[in-house]
Amino acid sequence: MSPLRTALSISMLQFQTVLRYSIFGLVALSALVALGSWLVRTRRLSPFGVLGRTLRSATDPIVRPVERRLVRMGGNPTHAGGWLVVLTAVAGIVLLSLAGWLIGTLQTARVAASGGPRGTFMLIVDLAYRILFAALLVRVIATWFGMFRYSKWIRPAYILTDWIVEPIRRVVPPLGAIDLSPLVAMIALSIVRQILLSTLRPG
């Protein structure tokens with residue numbers, strides 16, 4: 001491996017490490033915000049005392065948008081702090097997944113650049129898998145928040161993945177309220193990707 005490639009690999013690993021710790025810090029901060037808001041709203045701390053007013057001024061601008069969204073969705077506004085932590089954690093996981101996707105794609109592209117037609121086809125297979133996997137992930141996470149195919153932000157994920165999810169759904173019925181078909185589709189795509197890449201790698 002050339003010194004330039006080694007330096008790029010180290011930089012990517014460092015970026016992932018910094019991103020991971022940053023997201024962990026944001027989740028911890030959101031938990032503190034949620035705790036502070038809960039202490040004031042449940043009157044564990046007087047909202048009129050110095051500490052209570054300080055906590056309200058610090059937490060209300062962050063918690064209130066989540067609270068308004070919960071109320072519009074028919075949820076309990078007292079759970080806004082908990083949802084803030086959950087949303088921050090989910091967003092962090094998605095961001096880490098996207099960063100891993102980007103880094104993996106760059107590494108595959110670097111290999112493909114020196115691999116000729118075989119390497120180019122490997123890159124196409126890997127890119128198609130990563131895009132479809134990301135769309136399936138978006139589809140699964142969106143259902144947790146009551147967002148389905150008619151949401152303009154989620155519709156592209158359904159357009160990209162209906163061709164594989166719908167046939168699987170006819171074979172694999174939902175488990176209560178849980179739709180397993182996107183998860184089965186992820187596993188199927190992963191297996192197909194591994195088979196294709198293993199046949200394309202030089203012996």
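The largest nonpolar core here has 10 residues: Y129, L132, L136, V140, I164, V165, I168, A185, M186 and L189. Three helices, α4, α5 and α6, each give two or more residues to this core, and α4 supplies the largest share with 4 residues. That fits a broader habit: in soluble globular proteins, nonpolar side chains tend to be buried together.

Before going further, keep in mind that this is a predicted model. The mean pLDDT of the protein chain is 82, with 91% of its residues at 70 or more. Among the elements, helix α5 (residues 155-171) has the highest mean pLDDT, 91, while helix α3 (residues 80-113) has the lowest, 79. As a rule of reading, where pLDDT is low, the predicted coordinates should not be read in detail.

**Around the core**

Take L132, one of the core residues. Which residues does L132 contact, leaving aside its neighbours within four places in sequence? They are L160, T161, W163 and L189. Of these, L189 is itself a member of the core. There is also a second, separate core of 6 residues, and V63, V66, L70 and A80 are among them.

Helix α6 (residues 181-200) is worth a look on its own. Its 20 residues reach 28 Å from first C-alpha to last, close to the 28 Å expected at 1.5 Å a residue. The buried residues of α6 are S181, P182, A185, M186, L189, R193, L197 and L200. Where do they sit around the axis of α6? They cover an arc of only 140 degrees, so they end up on the same side of the helix. This buried set packs against α4 and α5. Turned away from it, the opposite face of α6 carries the exposed residues I187 and T199. Three of the names on the buried list, A185, M186 and L189, also turn up in the largest core.

**Charged pairs**

Now for the salt bridges. Side chains of opposite charge can pair when their charged atoms come close. A search of the whole structure finds 11 salt bridges, including the ones below.

| Pair | N to O distance | Separation in sequence |
|---|---|---|
| R41 and D60 | 3.6 Å | 19 residues |
| R149 and D162 | 2.8 Å | 13 residues |
| E166 and R149 | 3.5 Å | 17 residues |

R149 appears in two of these rows, pairing with D162 and with E166. R149 lies in the loop between α4 (116-144) and α5, whereas D162 is in helix α5, so this bridge links distant parts of the chain. E166 is in helix α5 too, and its bridge to R149 again links that helix to the loop. How accessible are the two ends of the E166 pair? R149 is partly exposed at a relative accessible area of 26%, and E166 is partly exposed at 23%. Both residues belong to a wider network of salt bridges that links R139, R149, D162, E166, R169 and D179.

**The α1 and α2 end**

The remaining pair in the table joins R41 and D60 through their side chains. R41 lies in helix α1 (residues 3-41) and D60 in helix α2, so the bridge ties together parts that are 19 residues apart in sequence. Is D60 buried or exposed? With a relative accessibility of 12%, D60 counts as buried because it falls under the 20% cut-off. R41, in contrast, is partly exposed, with a relative accessible area of 38%.

D60 has further neighbours. Helix α2, where D60 lies, runs over residues 50-72. Not counting residues up to four places away in sequence, D60 touches R41, L55 and P65. V33 is 27 residues from D60 in sequence, and the two C-alpha atoms are 8.9 Å apart in space.

One last spot to check in this region is R43, in the loop between α1 and α2. What is unusual about the backbone of R43? R43 has a positive phi of about 65 degrees although it is not a glycine. R43 is also exposed, with a relative accessible area of 58%.

Notes. Residues are numbered from 1 along each chain as its sequence is written. This is a predicted model: local features need pLDDT of at least 70, side-chain atom pairs count only at pLDDT 80 or more; totals for chains, interfaces and linings use all residues. Side-chain values use heavy atoms; hydrogens and water are left out. Buried means under 20% relative accessible area, exposed over 50%, partly exposed in between (1.4 Å probe, protein chains only). Contact means heavy atoms within 4.5 Å. pLDDT is the predictor's confidence in each residue, from 0 to 100. A salt bridge is a side-chain nitrogen of Lys or Arg within 4 Å of a carboxyl oxygen of Asp or Glu. The expected span of a helix is 1.5 Å times one less than its number of residues. The arc is that of the directions from the helix axis to the C-beta atoms. A nonpolar core is a set of buried Ala, Val, Leu, Ile, Met, Phe, Trp, Tyr and Cys residues joined through side-chain atoms within 4.5 Å.
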